[in-house]
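This report describes the ligand surroundings, the internal cavities and one pocket of a single model. Please consult the structure alongside the text.

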Amino acid sequence: MTVVAMGMPAIRAGQPSVDGRPDTPYLVDRFGRTARDLRVSITEKCSLRCTYCMPEEGLPAIPADELLSTAELVRLVVLAVRELGVHEVRFTGGEPLMRRDLEQIIAGCRAELPDTPLSMTSNGVGLEHRARKLVAAGLDRINISLDTVDREGFARLTRRDRLDSVLAGIRAARAAGLSPVKVNAVLMRQTLSGAADLLAWCIAEGAELRFIEEMPLDADHEWARANMITAAELLEVLGERFTLTPVGRDDPSAPAEQWRVDSGPATVGIIASVTRSFCGDCDRTRLTADGRLRSCLFSDQEYDVRAALRAHAGDAEIAELWRGAMWNKSAGHGIDAAGFVPPERTMGAIGG
Ligand code: SAM
Ligand code: SF4
């Protein structure tokens, strides 16, 4: 085991043990799951400072030479699809729009992977000016984070007065042909009273809203189980304005449970990551902006694929490292259990 210093909290890195791993090319783990969904964080930088995610001053900058380059990102994404059975790829961060080469990264992946769904999670700031270019590069879908349509509430939560830019970004995403456009809202006490307004806005704009229970991944370490808003509490609040009918999940590994709003067709999703964990069906594998493989948001075990790339490892060697990393995935995050310890890296440094 080595300790890696990278302008981020210290993380354990090492060589994965592959004891007992079956001979399969896919990203299987000891608990019978297979990872098919790749989340790629491409930067730690962000245009907002959401209190449930980033510290006020932002995350420590990753030195330019420690960030994966455009070509390195494309190589790893293509390898994950071709060699490891990944079915879909989502770019995240930090804020992916902070990378000027985002369109090149997407176009590079699209050129090699014509049929793989490519999506991104974004805060939408500045998206208005890039949505068409992203679609031209090959982006299929987008999730945009928006917690409230109240300007002051937005500025307090994100520590930036950028609501107008986000709303324009959501409209531009739809106009550019991204479909579906999903909106993610983290459940926070300070925005709960605006939840119904947010839902009404999303329905009017044709965006699919999903609320997410806050997870203990905030840089300020203020999350407390006793204070968090649960899915049940949200349902009560929305129920005062809308009639909600449960319609289940789109598929078992989809984290959002869906409710029909009034007589439909609009729905609202709730991702109860804490109170109704879906770890047993998790199909995710993660790559950080500084080139570490992670099997879970909540694991401190990382594997240094950047070092392998830069030591001129072949695809077969990198694929083996990735398989080993996933074989060692934990059964679950244990947030709701006594003695839970949050991971060293926070959400902005892993990529949600
Ligand atoms: N900057 C982009 C954005 O905000 O969409 C992408 C990165 S952000 C880390 C990805 C997702 O994680 C966002 O939907 C955000 O709301 C969510 N997120 C951040 N911190 C969270 C937390 N503590 N608990 C639950 N979700 C969180
Ligand atoms: Fe930035 Fe996204 Fe984190 Fe908000 S949630 S601070 S927009 S990375």
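## Basis of the description

A residue is taken to be near a molecule or strand if one of its heavy atoms lies within 4 Å of it. The model is predicted: local features need pLDDT of at least 70, side-chain atom pairs count only at pLDDT 80 or more, and totals for chains, interfaces and linings use all residues. Residues are numbered from 1 along each chain as its sequence is written, chains are lettered from A and ligands numbered from 1 in the order in which they are written, and side-chain values use heavy atoms, with hydrogens and water left out.

## Ligand 1

Ligand 1 is surrounded by 17 residues, of which Tyr52, Gly94, Glu95, Ser145 and Met215 come nearest. By class, five of the shell residues are nonpolar, nine polar and three charged; here Ala, Val, Leu, Ile, Met, Phe, Trp, Tyr, Cys and Pro count as nonpolar, Asp, Glu, Lys and Arg as charged, and the others, Gly among them, as polar. Strand S7 (118–122) and strand S9 (181–187) each contribute at least two residues to this shell. Helices (H or I, at least four residues) and strands (E, at least two) are DSSP runs, numbered from the N terminus.

Which side-chain atom lies 2.5 Å from an oxygen atom of ligand 1? It is an N or O atom of Ser145. Nitrogen atoms of the ligand also have close partners in the backbone: a backbone N or O atom of Tyr52 lies 2.9 Å from one, and a polar backbone atom of Met215 is 2.8 Å from one. Taken alone, ligand 1 exposes 540 Å², of which the protein buries 95%; accessible areas come from the Shrake-Rupley method with a 1.4 Å probe, and for residues only the protein chains shown count as cover.

## Ligand 2

Around ligand 2 lie Cys46, Leu48, Cys50, Tyr52, Cys53, Met54, Gly94 and Asn123. This shell holds six nonpolar residues, two polar and no charged. Tyr52 and Gly94 thus appear in the surroundings of both ligands.

## Cavities

On a 1 Å grid over the protein atoms alone, a cavity is a set of points where a 1.4 Å probe fits but cannot get out, and a pocket is an open set with protein on both sides within 12 Å along at least five of seven lines; lining residues have an atom within 4 Å of a point. Grid points are joined across faces, edges and corners, and a volume is the space filled by probe spheres set on the points. Two cavities of 30 Å³ or more are counted by this rule.

The largest cavity has a volume of about 50 Å³. Its lining divides into eight nonpolar residues, one polar and one charged, and includes Asp147, Thr191 and Phe211. S9 gives the largest share, three residues, while helix H6 (195–205) also supplies at least two. The second largest cavity, of about 30 Å³, has five nonpolar, one polar and four charged lining residues; among them are Asp29, Arg33, Arg284 and Lys329.

## Second largest pocket

The second largest pocket has a volume of about 240 Å³. Of its 16 lining residues, Met188, Gln190, Glu214, Glu222 and Trp223 lie nearest its centre. The lining comprises seven nonpolar, three polar and six charged residues.

Definitions and conventions
Polar contact = N/O pair within 3.5 Å; in protein donor to acceptor, adjacent residues only side chain to side chain.
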